Amino acid sequence: MAATINTRPSSSAASSHQGTLTDTDRPTLLTKLEPQPARVNAAVLLSREDGMITVSDDRSVRVYLKRDSGQYWPSICQFLPAAAIALDYNEPTARLFVGLSNGTVYEFTIAEDFNSLKETRQMIAHMNGISCVRFSLQCELVFSCGKDKALVWHCSETGNRMGSYLCEAWCTALELDSATKYAFVGDYSGNVLVIHILGDNAQLVSKLSAHTGSIRSLAWDHQRQLLFSGSNDNLVIMWDIGGRRGQAFELNGHKTKLSCLAYILGKKRLFSADESGSLMCWDMAAHRLETPAWQSSDACQRCESPFFWNLRAMWDKKVVGLRQHHCRMCGQAVCASCCSHLTKYPPMGYELPVRICDGCHRDMQADSDRFDMTPLALAIDLRQSIVCMSLDETKGRLLTVGNDRVLMLWDVKRLAC
Ligand SMILES: [Zn+2]
Ligand SMILES: [Zn+2]
């Protein structure tokens with residue numbers, strides 16, 4: 001896929017916004033590792049060493065280090081009792097948490113020389129498969145969630161189970177805000193639950209509902225209190241929790257199901273990857289507009305032709321009812337012939353062309369300076385269906401794990417640093 005080329009940049013806006021993403025910023029491939037023996041479910045890049053940790057369907061935890069030959073070889077390969085699905089690694093304390101398909105969370109300490117794992121404890125957390133594990137050093141809590149619909153937290157000093165919260169659907173993604181003890185849980189039905197942890201109790205604070213597909217991944221900007229959710233509906237939504245006005249912004253640039261997100265605090269950029277191998281880097285410092293709510297009407301709000309369920313008007317006017325569409329810029333309910341134009345509109349997150357009505361199209365043509373068309377994202381084709389990824393902000397490196405079991409390491413300094 002080619003980069004999103006700016007077809008009609010607004011010169012004033014393009015120059016006013018620093019940090020514009022350009023084609024020269026795209027990642028370069030540093031290394032490609034040999035295909036793994038089994039599907040890799042999660043991976044993390046080390047920043048102090050030149051290496052990475054993976055957990056796989058073959059029940060393994062592997063630590064890879066770069067050798068003098070320039071290649072990455074495993075320094076640790078340890079097998080667990082069940083498929084390893086999720087991991088979280090706290091680099092300063094060398095504590096590694098691995099969630100298994102049998103519901104157990106293992107805690108390990110990685111030896112200083114990276115040649116062995118020492119098991120610290122096992123926590124029997126769930127009835128069946130774990131989907132996510134997150135460790136908070138600040139709270140000394142280990143959070144996990146899974147197919148049993150439960151969010152569970154354990155004390156990481158004693159290994160004791162502290163509490164649990166039963167969600168409505170299979171939990172698929174998890175993020176934490178350690179400072180305020182909020183957990184964000186994405187679920188199979190497309191909702192994101194905001195749960196406040198109060199000791200051994202939990203309180204549901206809000207339910208963020210806008211996705212029409214399962215949540216696949218979450219990312220959290222704790223400085224600006226922005227939550228990002230990526231879903232099977234191809235969409236990323238940025239939830240402005242800190243803004244306290246209930247605003248949500250759509251990022252519309254993927255053509256297939258999202259698989260993972262990663263966020264860079266320093267540069268305020270979000271990476272999203274999908275199942276067809278498209279990686280997008282989004283400029284989240286840019287000013288963005290909310291997409292309009294879709295209006296409801298029994299007839300086209302431009303030409304007044306009735307929609308197909310409006311039987312009375314169809315009879316009165318002796319016409320055939322039409323299918324309803326919505327203009328993505330104004331939200332009006334319109335017929336197909338009143339919204340035949342397609343356009344990108346980056347401030348609303350439309351990095352791919354969307355349907356807009358005749359009225360909005362006319363406004364854009366007549367007053368093009370008002371509509372800034374500078375792309376706010378860069379699309380990169382990684383030619384690999386992405387399962388998971390890990391970003392190291394300090395070194396500007398990105399690790400991607402493909403459905404083909406191949407690990408690739410990319411230089412993303414120009415995008416990330
Ligand atoms: Zn119409
Ligand atoms: Zn419109």
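Between which two strands is the loop that holds Pro 92? I looked this up in what is a predicted model, and found Pro 92 in the loop that runs between strand S6 (84-90) and strand S7 (95-100).

**Entry on Pro 92.** I next asked whether Pro 92 counts as buried or exposed. I noted 7 C-beta neighbours inside 10 Å, and because a residue with 12 or fewer such neighbours is classed as exposed, Pro 92 counts as exposed. I also took a distance from Pro 92 to Gly 129, which is 37 residues away along the chain, and the C-alpha atoms of the two are separated by 28 Å.

**Entry on confidence.** Before going further I checked the pLDDT, whose mean over the chain is 92, with 95% of the residues reaching 70 or more. I set residues 1-17 apart in my notes, since pLDDT stays under 50 there, although the model has 30 contacts beyond four places in sequence for that stretch.

**Entry on the domains.** I recorded the division of the chain into domain 1, made of 21-291 + 377-416, and domain 2, made of 311-370. Their C-alpha centres lie 38 Å apart, and I found 10 residues of domain 1 in contact with seven residues of domain 2. On the side of domain 1 that touches domain 2, strand S21 (residues 248-251) gives the most, with three residues. When I sorted the residues of that side by character, I obtained four nonpolar, four polar and two charged.

**Entry on the cores.** Which residues have the most contacts inside the largest nonpolar core? I listed Leu 87, Val 98, Val 185, Leu 218 and Met 389, in a core that has 107 residues. The largest share of this core comes from strand S22 (residues 258-264), which supplies six residues. I then followed Val 98 and, leaving aside its neighbours within four places in sequence, found Val 98 in contact with Val 55, Val 61, Leu 80, Ala 84, Leu 87, Val 105 and Tyr 106. I also noted a second, separate core of 18 residues, which includes Met 329, Val 334, Cys 335 and Ile 356.

**Entry on the annotated repeat.** Finally I consulted the UniProt record, an unreviewed entry, which places the feature "repeat: WD" at residues 208-241. Over residues 208-241 I read the chain as 0% helix and 59% strand, and the C-alpha atoms at the two ends are 10 Å apart.

Note on methods. Residues numbered from 1 in each chain as written. Chains lettered and ligands numbered in written order. Predicted model: local features only at pLDDT ≥ 70, side-chain atom pairs only at ≥ 80, totals over all residues. UniProt positions renumbered as here; feature names shortened; annotations may be inferred. Helix = DSSP H or I, 4+ residues; strand = E, 2+ residues; numbered from the N terminus. pLDDT = per-residue confidence, 0-100. Contact = placed C-beta atoms within 7 Å. Domains from an automatic or database assignment. Nonpolar A, V, L, I, M, F, W, Y, C, P; charged D, E, K, R; others polar. Core = buried A, V, L, I, M, F, W, Y, C linked by C-beta atoms within 7 Å. Buried ≥ 20, exposed ≤ 12 C-beta atoms within 10 Å, placed from the backbone.
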